Amino acid sequence: MPIIQWKEIFSVNISKIDSQHKKIIDLINELHDKMKEGKGKEKESLSQILNELAVYTANHFKTEEELFYKYKYPNTEAHILEHKKLVDKVLQIKADFESGKVVLTLDVMDFLKDWLSNHISGTDKAYTAFLNAKGVN
Ligand SMILES: [Fe+2]
Ligand SMILES: [Fe+2]
């Protein structure tokens, strides 16, 4: 069972962004599956997915931020700050995991799942009307 599933409520009505969000959801589910298989302590395969998640998410944020700058989205600064906090947190999880400080637990997975769904269904969806009105969809 995936820990998080794509729902219509996540759609920001911009197809490129929706597919990037779906890919992030896939990576979180992949991490969750590996963890549940009892591989929570297996460094290599997990840290590979964590790395992919960190890199892909950072690139996704860049895609959004470029649209904000291009169309002068009013809430750019606050949105970017939220991205920065999320990236820092994922990098922290990755570093703690790699240094052996923590193992991946359901708490970590819940945290990732929650920030993703909250960010998409709140902060991200807030730009839909603005960007759609600029012809981005
Ligand atoms: Fe996003
Ligand atoms: Fe965002």
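The following exercises, each with a worked solution, concern a predicted model of a protein chain.

**Exercise 1. Overall architecture**

Determine how many helices and strands the protein chain has, and in what order its elements run.

Solution. The count comes to 5 helices and 0 strands. Read from the N terminus, the order of elements is α-α-α-α-α.

**Exercise 2. Dimensions and burial**

Compare the radius of gyration of the protein chain with the value for a compact globule, and state what share of its residues counts as buried.

Solution. Begin with the reference value: for 137 residues, a compact globule would have a radius of gyration near 14 Å. The protein chain has 16 Å, and this agrees with the rule. Next, consider the extent along the principal axes, where the C-alpha atoms fill a box of roughly 45 × 30 × 20 Å. As for burial, 18% of the 137 residues count as buried. Finally, examine the contacts with a separation of 6 or more: residues 24 or more positions apart account for 76% of them.

**Exercise 3. Helix lengths**

Test whether the end-to-end distances of H3, H2 and H4 agree with a rise of 1.5 Å a residue.

Solution. Take each helix in turn.

- Helix H3 covers residues 76-98; its 23 residues should span 33 Å, and its end C-alpha atoms are 33 Å apart, so the two agree.
- H2 has 29 residues and should span 42 Å; the distance between its end C-alpha atoms is 42 Å, which agrees.
- H4 has 19 residues and should span 27 Å; its end C-alpha atoms lie 25 Å apart, which still agrees.

**Exercise 4. The nonpolar cores**

Identify the residues with the most contacts inside the largest nonpolar core, and establish which helices each supply at least two of its residues.

Solution. The largest nonpolar core comprises 13 residues, and those with the most contacts inside it are Leu27, Ile28, Leu31, Leu46, Leu50, Leu53 and Leu116. Helices H1 (15-39), H2 (43-71) and H4 (106-124) each supply at least two residues of this core. The greatest contribution is that of H1, with 5 residues.

One core residue can then be followed outward. With neighbours within four places in sequence left aside, Leu31 is in contact with Leu46, Ile49, Leu50, Leu53 and Met109. There is also a second, separate core of 5 residues, among them Val12, Ile14, Tyr127 and Leu131.

The buried positions of two helices complete the picture. In H2 they are Leu46, Leu50, Leu53, Thr57 and Glu64. In H4 they are Leu112, Leu116, Ile120 and Asp124. As a general background, nonpolar side chains tend to be buried together in soluble globular proteins.

**Exercise 5. The environment of His21**

Decide whether His21 is buried or exposed, and find which residues it touches beyond four places in sequence.

Solution. First, locate the residue: His21 belongs to helix H1. Second, count its neighbours: His21 has 21 C-beta neighbours inside 10 Å, and the threshold for burial is 20 or more, so His21 counts as buried. Third, list the contacts: not counting residues up to four places away, His21 touches Phe10 and Ile120. By contrast, the C-alpha atoms of His21 and Val102, 81 residues apart along the chain, are separated by 27 Å.

**Exercise 6. Helix H5 and the segment before H1**

Establish which residues Thr128 touches, leaving out those up to four places away in sequence, and classify the exposure of Thr128 and Ala129.

Solution. Thr128 lies in helix H5, residues 128-133, and Ala129 is placed in H5 as well. Thr128 touches Val12 and Asn13. Thr128 and Val12 are 116 residues apart in sequence, yet 5.5 Å apart from C-alpha to C-alpha. For Ala129 and Asn13, also 116 residues apart along the chain, the C-alpha separation is 8.9 Å.

Exposure follows from the neighbour counts. Thr128 is partly exposed because 16 other C-beta atoms lie within 10 Å. Ala129 has 9 such atoms and is therefore exposed.

**Exercise 7. Positive phi angles**

Find where Asn13 and Lys72 are placed, and give the phi of each.

Solution. Most residues other than glycine have a negative phi. Asn13, in the segment before H1, has a positive phi of about 60° although it is not a glycine. Asn13 is partly exposed, with 14 other C-beta atoms within 10 Å. Lys72, in the loop between H2 and H3, is likewise not a glycine and has a positive phi of about 55°. Lys72 is exposed, with 9 other C-beta atoms within 10 Å. A glycine may be added to the list: Gly100, just after H3, takes a positive phi of about 85°.

Key: Residues are numbered from 1 along each chain as its sequence is written. Chains are lettered from A and ligands numbered from 1 in the order in which they are written. This is a predicted model: local features need pLDDT of at least 70, side-chain atom pairs count only at pLDDT 80 or more; totals for chains, interfaces and linings use all residues. A nonpolar core is a set of buried Ala, Val, Leu, Ile, Met, Phe, Trp, Tyr and Cys residues joined through C-beta atoms within 7 Å. A residue is buried if 20 or more other C-beta atoms lie within 10 Å of its own, exposed if 12 or fewer, and partly exposed in between; C-beta atoms are placed from the backbone. Helices (H or I, at least four residues) and strands (E, at least two) are DSSP runs, numbered from the N terminus. Two residues are in contact if their C-beta atoms, placed from the backbone, lie within 7 Å. The radius of gyration is taken over C-alpha atoms; the globule rule is 2.2 Å times the number of residues to the power 0.38. The expected span of a helix is 1.5 Å times one less than its number of residues.
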